[in-house]
Amino acid sequence: MAYRKLSEQIHELGNPQRSDAFVKMFREAVREGKFDATYLPERFTMPKAFSRRGAEGTYQRDAKEMLFEVTPAFEKWFEQTNAELATSRRTGTPKPTAENIEAGLVDFKALAEETRKKMQASYEKGQALGKSRARGTKSSGTRSSAKAKSK
């Protein structure tokens, strides 16, 4: 049986900037019993370059080394995981800017409907608030005028 170190396997990744995600997925697969691996006493430096917000430069992280058996199950898992990590991460929905609307990245009709609903809800909330205040003012105004008349 062939054994391989995790640090060696990371060098076969299509996108080394996703090595931290690969290590997490690898450990999860071992935890779930998809394949066997064991920790080794040494550590290795991941190829990913991390950067801190507001600071200049990059740094690298270390991870615990693991040894695993290269099996057909592992090879299949690695191909699938590598393909997932090679594709760019899904970004959030595009912001509703004029450029994005004109480019067709954002559905204008859906945005308009959403805006209409928000405006209607706001209008109804304002109407309800006005009605509740009007009722409170009339009843308290009547009491004060009744007291003034009785004096």
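Is K118 buried or exposed? K118 is exposed, with a relative accessible area of 57%. This value, like those that follow, was computed from a predicted model.

**Overall organisation**

The protein contains 5 helices and 3 strands. Along the sequence these elements are arranged in the pattern β-α-α-β-β-α-α-α. The protein has 151 residues, of which 22% count as buried. Its exposed surface amounts to about 11700 Å², and carbon and sulfur atoms supply 51% of that area. Among contacts in the protein with a separation of 6 or more, 60% join residues 24 or more positions apart.

**A buried residue in helix α2**

S19 belongs to helix α2, which covers residues 19-32. The relative accessible area of S19 is 0%. Because buried means under 20% relative accessible area, S19 is classed as buried. Which residues is S19 in contact with, leaving aside its neighbours within four places in sequence? They are I10, L13, M46, P47 and K48.

**Salt bridges**

The model has 6 salt bridges. Three of them are listed below, each with the distance between N and O atoms.

| Acidic residue | Basic residue | N to O distance |
|---|---|---|
| E32 | K34 | 3.5 Å |
| E113 | R116 | 2.7 Å |
| E114 | K118 | 3.7 Å |

The salt bridge of E32 with K34 joins two residues that are both classed as partly exposed: E32 has a relative accessible area of 49%, and K34 has one of 47%. E32 also lies within the range given for helix α2, residues 19-32.

The pair E113 and R116 is found in helix α5, which covers residues 108-150. These two residues are 3 residues apart and therefore separated by about one helical turn. Their closest N and O atoms are 2.7 Å apart. E113 is partly exposed, with a relative accessible area of 35%.

Helix α5 also holds the pair E114 and K118, which are 4 residues apart, about one turn of the helix. Their side chains meet in a salt bridge at 3.7 Å, N to O. How is E114 classed, given its relative accessibility of 43%? E114 counts as partly exposed. Its partner K118, at 57%, is exposed, because a residue is placed in that class when its relative accessible area is over 50%.

Note on methods:
Residues numbered from 1 in each chain as written. Predicted model: local features only at pLDDT ≥ 70, side-chain atom pairs only at ≥ 80, totals over all residues. Heavy atoms only, no water. Buried < 20%, exposed > 50% of the residue type's maximum accessible area, 1.4 Å probe, protein only. Contact = heavy atoms within 4.5 Å. Areas by Shrake-Rupley, 256 points an atom, 1.4 Å probe, with all protein chains shown as cover. Salt bridge = Lys/Arg side-chain N within 4 Å of Asp/Glu carboxyl O.
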